[in-house]
Amino acid sequence: MPQTLTETVAFNLDKYLRDLKPEVEAALDASIAVIYPEKIYESMRYSLMAGGKRLRPILCLAACELLGGDRISAMPTACAMEMVHTMSLIHDDLPAMDNDDYRRGKLTNHKVYGDDIAILAGDALLAYAFEFIAGQTKGVPAERILKVIAHLGHAVAATGLVGGQVVDLECEGKPDVTAETLTFIHIHKTAALLESCVICGALLAGANDTDIKRLSTYANNIGLAFQIIDDILDITATSEQLGKTAGKDLAAHKVTYPSLWGIETSQQKAEDLVAQAKAQLISYGDAALPLMALADYITARKN
Ligand code: GRG
């Protein structure tokens with residue numbers, strides 16, 4: 001059992017991701033077949049199978065395993081998380097929103113299939129994510145599955161991603177956005193789904209109220225840290241490294257954490273949030289090593 005937070009460096013995250021990522025990729029690949037009308041299924045698969053870090057499904061599986069659940073029973077929910085994440089990226093990239101040409105190193109969905117099909121591919125992925133959890137989760141009591149569906153619904157609705165995106169759009173072009181508003185945006189737009197990944201994985205394994213409270217704090221902290229690092233990378237990384245257009249926040253004069261606090265302070269705040277996140281996991285002992293290492297990865301990542 002780790003006695004201090006620094007002992008978590010002993011965990012081999014590279015190997016963990018090398019093992020787990022292909023499992024997730026294979027499950028995602030098997031989740032959607034191309035049938036008539038082919039164009040919509042191809043568009044859904046184009047973005048779903050375009051790569052990406054697969055951080056959300058991995059967090060879901062790691063949280064389930066933390067509490068003694070097994071990967072197989074959490075895999076449909078893990079895939080659903082990636083479907084929801086992918087649909088949010090497709091819609092975020094549309095001309096009516098962020099208007100991006102590249103994502104995950106490829107042309108964005110609407111650039112390939114047109115705005116109409118991209119909107120529908122996002123809608124279809126969102127609906128299918130819930131169907132997939134309900135229909136594919138095996139060996140888990142129905143009331144746990146119901147809790148997962150309700151939690152994910154809350155995380156993506158106006159209470160979560162959609163609400164965060166609306167406030168983000170409202171803030172466009174405003175120079176006087178406060179740190180509180182920025183935090184509201186990112187807790188809803190980014191952290192809510194990451195939190196749902198962790199909590200739903202835990203719910204599938206039978207989490208109790210104490211687990212939920214600890215894991216929710218863990219996930220919200222890493223979610224906010226994730227967005228702070230995202231804002232920093234928008235300034236410091238290249239478009240090639242990011243797989244999407246770098247420097248967009250600066251070009252749009254968007255208020256971000258680095259624009260409010262500077263890069264160094266922002267990095268420090270992200271590291272503090274990760275340390276607080278990891279502190280929530282101490283009582284789980286070695287079982288928490290993957291989630292601890294994933295928290296560290298959030299601030300160390302380069303894309
Ligand atoms: C959810 C119904 C519904 C609609 C979507 C467009 C929208 C509403 C919300 C925007 C959500 C959004 C795009 C948040 C940004 C989150 C973020 C930092 C994405 C980048 O995640 P990574 O780096 O990407 O994990 P990869 O490609 O690695 O998966």
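Q: Which residues of α7 meet α9 here?
A: On the α7 side they are R144, K147, V148, H151, L152 and A155. Their partners in α9 are A192, L193, E195, S196, I199, C200, L203 and L204. Keep in mind that this is a predicted model.

Q: And what's that contact made of, by class?
A: The contact of α7 with α9 has 9 nonpolar residues, 2 polar ones and 3 charged ones.

Q: How do the axes of the two helices cross?
A: At roughly 175°, and the axes of α7 (residues 142-156) and α9 come within 9 Å.

Q: Okay, so are they roughly parallel or antiparallel?
A: Roughly antiparallel, because angles over 145 degrees count that way.

Q: Switching to the ligand: how many residues surround it, and which are the closest?
A: There are 19 around the ligand, and the closest are K53, R56, H85, R104 and Q165.

Q: What does K53 do with its side chain there?
A: K53 has a polar side-chain atom 2.6 Å from an oxygen atom of the ligand.

Q: And what about H85 and R104?
A: For H85, an N or O atom of the side chain is 2.8 Å from a ligand oxygen. R104 also puts a polar side-chain atom 2.8 Å from an oxygen atom of the ligand.

Q: How much of the ligand does the protein bury?
A: The protein buries 91% of the 760 Å² that the ligand exposes when taken alone.

Q: Which elements give two or more residues to that shell?
A: Those would be α4 (71-92), α8 (161-171), α9 (179-204) and α10 (209-236). So α9, the helix that meets α7, turns up in the shell around the ligand too.

Q: Which one gives the most?
A: That's α4, with 5 residues in the shell.

Q: What's the class breakdown of the shell around the ligand?
A: By class, it's 7 nonpolar, 6 polar and 6 charged residues.

Q: New topic, the backbone. Where's the cis peptide bond?
A: It joins Y36 and P37, with omega at about -5°. P37 sits in the loop between α1 (13-31) and α2 (38-48).

Q: And which residue has a positive phi although it is not a glycine?
A: N99, with a phi of about 55°. You'll find N99 in the loop between α4 and β1 (102-103).

Technical notes
Residues are numbered from 1 along each chain as its sequence is written. This is a predicted model: local features need pLDDT of at least 70, side-chain atom pairs count only at pLDDT 80 or more; totals for chains, interfaces and linings use all residues. Side-chain values use heavy atoms; hydrogens and water are left out. A residue is near a molecule or strand if one of its heavy atoms lies within 4 Å of it. A polar contact is a pair of N or O atoms within 3.5 Å; within protein, one must be able to donate a hydrogen and the other to accept it, and residues adjacent in sequence count only if both atoms are side-chain atoms. Accessible areas come from the Shrake-Rupley method with a 1.4 Å probe; for residues, only the protein chains shown count as cover. Helices (H or I, at least four residues) and strands (E, at least two) are DSSP runs, numbered from the N terminus. Ala, Val, Leu, Ile, Met, Phe, Trp, Tyr, Cys and Pro count as nonpolar, Asp, Glu, Lys and Arg as charged, and the others, Gly among them, as polar. Axes are lines fitted to C-alpha atoms, for helices over the stretch in contact, and angles run from 0 to 180 degrees between N-to-C directions. Angles under 35 degrees count as roughly parallel, over 145 as roughly antiparallel, 65 to 115 as roughly perpendicular and the rest as oblique. Contact means heavy atoms within 4.5 Å.
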